[in-house]
Amino acid sequence: MVIGYVLFVILGFITISNYTSKYNQKYMENEMASSLRRECTAIATEYGDSFLSTDMTLKDFQSHLSVLSSYLQADIYIVNTQGRILVNSISYAEPEKTAIIDDFDILDFKNGYYSINHFYGKYEEDMFCVYTPITNEYKANCYVIICKPYADLRESRNGLMNGSYLTLIILFLL
């Protein structure tokens, strides 16, 4: 009887550790991707069109991105199709002094519209990067890319797992 109970505890722990952790991770990735995609689309629609049509100055646009970046706790880039960073939320740069992302290819976003990587070596840690094109006359002129530390997602997942472990402990005590 005791061996059966101990085996039940061990199998329960292994099941929750593996299945629930992976399920929560995938669910949270999809939720974060969806949320950041909405923000990318809003930037592309509201600000991108104004910026490209010169209704908004570069400093104003960068200022808006900086505020939104603080709110999202993420970095925001506007990158043209050749990989030149036109504007970012991190620092202001004159248009002729902007950086180029080597080997930039939007097709590197293999999971559709998001990717988990170091964003072409710009970060030392894994980043959760989401993009949306800014289009004009049905052609992508540039992309809005939001990069958020993947560690944020891991922390949230670990918090959820603590709740699962607590529930498991309560079940075992019954």
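**Entry 1: a nonpolar patch on the surface**

I started with the N-terminal stretch of this predicted model. I looked up which residues form a nonpolar patch on the surface, and found Val2, Val6, Leu7, Ile10, Leu11, Phe13 and Ile14. Together they have about 650 Å² of accessible area. I then picked out Val2, which lies in helix H1, residues 2-52. Val2 has 64% relative accessibility, so I put it down as exposed, since the cut-off for that class is over 50%. I kept a general point beside this entry: in soluble globular proteins, nonpolar side chains tend to be buried together.

**Entry 2: the nonpolar core**

Next I went looking for buried nonpolar residues. The largest nonpolar core has 26 residues. Those with the most contacts inside it are Ile43, Leu65, Ile76, Ile78, Phe128, Val144 and Ile146. Which elements each supply at least two residues of this core? I noted H1, H2, strand S1 (75-80), strand S4 (127-136), strand S5 (139-149) and helix H3 (150-173). H1 gives the largest share of this core, with seven residues. I find it worth writing down that H1 both holds Val2 of the surface patch and supplies that largest share of the core.

**Entry 3: the two sides of helix H2**

I checked the length of helix H2 (residues 58-72) before reading its faces. With 15 residues at 1.5 Å a residue, H2 should span 21 Å, and its end C-alpha atoms are 21 Å apart, so the two agree. Which residues of H2 are buried? I listed Leu58, Phe61, Gln62, Leu65, Leu68, Ser69 and Leu72. These buried residues cover an arc of only 125° around the axis, which means they sit on the same side of H2. I found Lys59, Val67, Ser70 and Tyr71 exposed on the other side of H2. Leu65 appears twice in my notes: it is one of the buried residues of H2, and it is among those with the most contacts inside the largest nonpolar core.

**Entry 4: two positive phi values**

I followed the chain past H2 and stopped at Gln73. This residue comes just after H2 and takes a positive phi of about 55°. Gln73 is a residue other than glycine, which is the reason I flagged the value. It lies in the loop between H2 and S1. Is Gln73 buried or exposed? I have it as exposed, with a relative accessible area of 58%.

Tyr120 went on the page beside it. Phi of Tyr120 is near 55°, again a positive value in a residue other than glycine. Tyr120 lies in the loop between S3 and S4, and at 29% relative accessibility I count it as partly exposed.

**Entry 5: salt bridges**

I searched the whole structure for salt bridges and got three. The general background is that side chains of opposite charge can pair when their charged atoms come close.

How far apart are the closest N and O atoms of Glu29 and Lys26? In this salt bridge I read 3.7 Å. Both residues lie in helix H1, three residues apart, about one turn of the helix. Glu29 counts as buried at 9% relative accessibility, while Lys26 is partly exposed at 45%.

Asp126 pairs with Arg154, with the closest N and O atoms 3.7 Å apart. Asp126 is in the loop between S3 and S4 and Arg154 is in helix H3, so this pair ties together parts that are 28 residues apart in sequence. I noted both partners as partly exposed: Asp126 has a relative accessible area of 28%, and Arg154 has 33%.

Lys148 and Asp152 also meet in a salt bridge through their side chains, at 3.9 Å from N to O. Lys148 is buried, with a relative accessible area of 12%. Asp152 counts as partly exposed at 23% relative accessibility.

**Entry 6: a glycine in a loop**

My last stop was Gly112. I found it in the loop between strand S2 (85-88) and strand S3 (114-117). Gly112 is partly exposed, with a relative accessible area of 40%. I also took the separation of Gly112 from Gly163, which is 51 residues apart from it along the chain. Their C-alpha atoms are separated by 31 Å.

Note on methods:
Residues numbered from 1 in each chain as written. Predicted model: local features only at pLDDT ≥ 70, side-chain atom pairs only at ≥ 80, totals over all residues. Heavy atoms only, no water. Patch = residues over 30% accessible without salt bridge, like charges linked within 9 Å, V, L, I, M, F, W, Y side chains within 5 Å. Areas by Shrake-Rupley, 256 points an atom, 1.4 Å probe, with all protein chains shown as cover. Salt bridge = Lys/Arg side-chain N within 4 Å of Asp/Glu carboxyl O. Helix = DSSP H or I, 4+ residues; strand = E, 2+ residues; numbered from the N terminus. Buried < 20%, exposed > 50% of the residue type's maximum accessible area, 1.4 Å probe, protein only. Expected span 1.5 Å × (residues − 1). Arc of directions from axis to C-beta. Core = buried A, V, L, I, M, F, W, Y, C linked by side-chain atoms within 4.5 Å.
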